[in-house]
Structures are given as structure tokens and as C-alpha cells.
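Please open the model in a viewer and keep the selection tool at hand. The tour proceeds by selections, each followed by a description of what is to be found there.

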Amino acid sequence: LFDASSINAFPFILSNAASKHRVVATGSYSAPWGLTVAGKFTWATPLPRNVIGCLAGTATFPTGAPCTAIAYDIGGTGYQSLDLQVTKNFEWQDFANFYVRLDVLNVLNHENLVDYLDELGPDGLVFTGRFNPVGNITGVPRTLRASFGIRF
């Protein structure tokens, strides 16, 4: 804190490190023929966006600075994924176990966009924020993955 006389001179903004709400639900089922079926559903609100807003000309914010930190949340669903898997185990003698596993990640193929498009108003504050429809994603698009291994 070298730029002001008190911590109160700095704005309080939302952290962009974690979603405000996040729900993760998992479950598994022992199906016929020795199959294990499992799933995981993840839902989270979008991460808040932190930007620096600046005023035009010689105008300043109440702190006396021409620029200030701003955080905003666009609302809606930020991250959503349903992952399913089926595993078959094969015992070999009394000390080893082979398995074959099939995963389908992001079954619903939800676009988990993470890049924002910011539009600042003349007051230096964000008046429109939205996800960039051609930007980066977090997680994976719908993905099919097969694996096998041995446990002993």
C-alpha cells in the first residue's frame, strides 16, 4: 500500500480466482456383467471479470485517480459438464486385476467459454460484458476416451 494513505482508498472488488457457487455431484452403480457405471456433474457460476476502467480527459474517480479497478459478473451458467464412465474389471489369478474403461467427457457438449468482451462506458465503468463466442474454453468439448490397465 504505497499509493494512498489508507487501505480504505482502494476499491473492494470481487475475486476472479473462484466461482461464487459451485456444485459437484458424483455417483456410481454396480451394473450387471461386472460393469461399473459412474458419473460426475459439475456446475459453477462464471468467474467475475476484473478490469481497469479509466475516465477520459482530466476527470478522476473519487479517489483522485483517473483509473480504478472494476469487477463485474455477467451471471448465468459459467461452467457445466456431465462426465460418464463404464469400467469392466477382469481378475487374473489372485494377485492382478485388468480393467478396460470408457469415458465420455462433457456429454452435453456445453461450451464453457472463458474469454470476455468488455465494453466500457464514458464513465469508465463496464456497461456491457459478455462471453466471446469465438474465445477460449475451459475443460474439454465432448470427448470419448478409452483406457486399459493392470492393478496388482
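Begin by selecting β5 and β6, two strands that run antiparallel and are joined by nine bridges. Within this pairing, select K88 and then its bridge partner V100, which lies in β6. The model in view is a predicted one.

Next, extend the selection to the sheet to which these strands belong. Five strands make up an open sheet, and their order across it is β1-β2-β5-β6-β9, with antiparallel pairing. Stepping from one strand to the next, the viewer will find a twist that averages 15°. Which strands stand at the edges? They are β1 (22-30) and β9; each has a single partner strand, so one side of each remains without a neighbour in the sheet.

Now turn to the surface and select F90, W92, F95, F98, V100, F148, I150 and F152. These residues form a nonpolar patch, and together they have about 950 Å² of accessible area. V100, already selected as the bridge partner of K88, is thus met again as one of the patch residues. Three strands, β5 (79-92), β6 (96-105) and β9 (143-151), each supply at least two residues of the patch.

Within the patch, select F148, which is found in strand β9. Is its side of the story one of burial or exposure: is F148 buried or exposed? F148 has a relative accessible area of 72% and is therefore exposed, since the cut-off for that class is over 50%.

The last stop concerns charged side chains. How many salt bridges does a search of the whole structure find? The search finds two. For one of them, select R101 and D103, whose side chains meet with an N to O distance of 3.0 Å. For the other, add R145, which forms a salt bridge with D103; here the closest N and O atoms are 3.7 Å apart. This pair links distant parts of the chain, as R145 belongs to strand β9 and D103 to strand β6, with their positions 42 residues apart in numbering. Through shared partners, the salt bridges join R101, D103 and R145 into one network.

Finally, colour these three residues by accessibility. D103 has a relative accessible area of 3% and is buried. R101, at 31% relative accessibility, counts as partly exposed, and R145, at 42%, is likewise classed as partly exposed.

Key
Residues numbered from 1 in each chain as written. Predicted model: local features only at pLDDT ≥ 70, side-chain atom pairs only at ≥ 80, totals over all residues. Heavy atoms only, no water. Patch = residues over 30% accessible without salt bridge, like charges linked within 9 Å, V, L, I, M, F, W, Y side chains within 5 Å. Areas by Shrake-Rupley, 256 points an atom, 1.4 Å probe, with all protein chains shown as cover. Salt bridge = Lys/Arg side-chain N within 4 Å of Asp/Glu carboxyl O. Helix = DSSP H or I, 4+ residues; strand = E, 2+ residues; numbered from the N terminus. Buried < 20%, exposed > 50% of the residue type's maximum accessible area, 1.4 Å probe, protein only. Pairing = 2+ DSSP bridges. Axes fitted to C-alpha atoms, helices over the stretch in contact; angles between N-to-C directions.
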